[in-house]
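Q: Please take a close look at one helix of this protein and what packs around it. I would like one connected account that a first-year student can follow.

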Amino acid sequence: MKKNKSLKVSIVMGSQSDYKIMHLAEKTLKKIGVPFEIKIISAHRTPKRMYDYALATKRNNIGVIIAGAGGSAHLPGMISALTSLPVLGVPIESKKLKGLDSLLSIVQMPKGIPVGTLAIGEDGAINAALLAASIIGNNNQSIKNKLNNWRAAQTKSVKKKPK
């Protein structure tokens with residue numbers, strides 16, 4: 001990854017309905033102060049948009065991609081096949097299989113096409129944002145400091161004794 005303070009995180013999702021989960025990644029990045037963009041890109045319904053997006057990520061100063069998808073959940077793997085940037089997959093809970101189908105689709109990538117796979121749903125979206133901030137922070141001290149401050153606040157919020 002090039003050393004560039006302007007690198008941002010790109011949050012993509014397969015459909016508008018995925019936003020109810022993926023907005024948590026957006027909210028977490030905002031809270032920490034990590035620059036990001038957010039888009040809807042369907043691997044199946046907008047394949048040309050996905051292809052053009054993936055090929056343009058490096059020149060658009062993207063450092064990490066968070067891709068949320070449900071059901072067959074091909075979006076993270078297809079993007080990973082088209083770029084060497086880190087792709088973090090967030091399985092979205094499906095109606096029929098509660099997100100297990102999404103999880104298995106994202107985690108079972110063939111060798112050579114890696115996708116870092118997070119938990120199904122809300123926890124996965126939040127942790128994907130934190131992991132993306134950590135990756136961006138490797139080359140941006142300001143982001144690293146903001147993430148460390150966020151973690152310190154999280155630690156401080158845990159009570160020492162129950163009330």
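A: **Helix H5 and its surroundings**

In this predicted model, helix H5 packs with helix H6 (residues 141-156) at an angle of about 140°, and their axes lie 7 Å apart. The crossing of these two helices is left-handed. On the H5 side, the residues that meet H6 are Leu130, Ala133, Ser134, Ile136 and Gly137. Their counterparts in H6 are Gln141, Ile143, Lys144, Leu147 and Trp150. Sorted by class, this contact has six nonpolar, three polar and one charged residues.

A second helix that packs with H5 is H1. H1 covers residues 19-32 and H5 covers residues 122-137; the angle between them is about 35°, with the axes 8 Å apart. Here H1 passes H5 in a right-handed crossing. From H1, the contact takes in Ile21, Met22, Leu24, Ala25, Thr28, Leu29 and Ile32. From H5, Glu122, Ala125, Ile126, Ala129, Leu130 and Ala133 take part. By class, the contact of H1 with H5 has 11 nonpolar, one polar and one charged residues. Leu130 and Ala133 of H5 are listed in this contact and also in the contact with H6.

Next comes the sheet. Five strands form an open sheet in the order S2-S1-S3-S4-S5, with parallel pairing. Strand S2 (36-40) and strand S5 (116-117) are at the edges with a single partner strand each, so one side of each has no neighbour in the sheet. At one of these edges, S5 runs parallel to strand S4 (residues 87-92), and two bridges join them. Leu88 stands opposite Gly116 of S5.

Two helices that pack on this sheet are H4 and H5. Helix H4 (residues 100-107) touches strand S3 (62-70), S4 and S5, and its direction makes about 160° with that of S4. H5 touches strand S1 (8-13), S3 and S4, and its direction makes about 165° with that of S3. H5 therefore has contacts with H1, with H6 and with strands of the sheet, where contact means heavy atoms within 4.5 Å.

One more feature can be added, the largest pocket. The volume of this pocket is about 420 Å³. Its lining has 21 residues, and those nearest its centre are Ser15, Ser17, Asp18, Gly70 and Gly71. The lining divides into five nonpolar, 10 polar and six charged residues. Gly70, one of the residues nearest the pocket centre, belongs to S3 (62-70), a strand that H5 touches.

Notes
Residues numbered from 1 in each chain as written. Predicted model: local features only at pLDDT ≥ 70, side-chain atom pairs only at ≥ 80, totals over all residues. Heavy atoms only, no water. 1 Å grid on protein atoms, 1.4 Å probe; cavity = no way out; pocket = protein on both sides within 12 Å on 5 of 7 lines; lining within 4 Å. Points joined across faces, edges and corners; volume = space filled by probe spheres on them. Nonpolar A, V, L, I, M, F, W, Y, C, P; charged D, E, K, R; others polar. Axes fitted to C-alpha atoms, helices over the stretch in contact; angles between N-to-C directions. Helix = DSSP H or I, 4+ residues; strand = E, 2+ residues; numbered from the N terminus. Left-handed = near helix turned anticlockwise from the far one by under 90°. Pairing = 2+ DSSP bridges.
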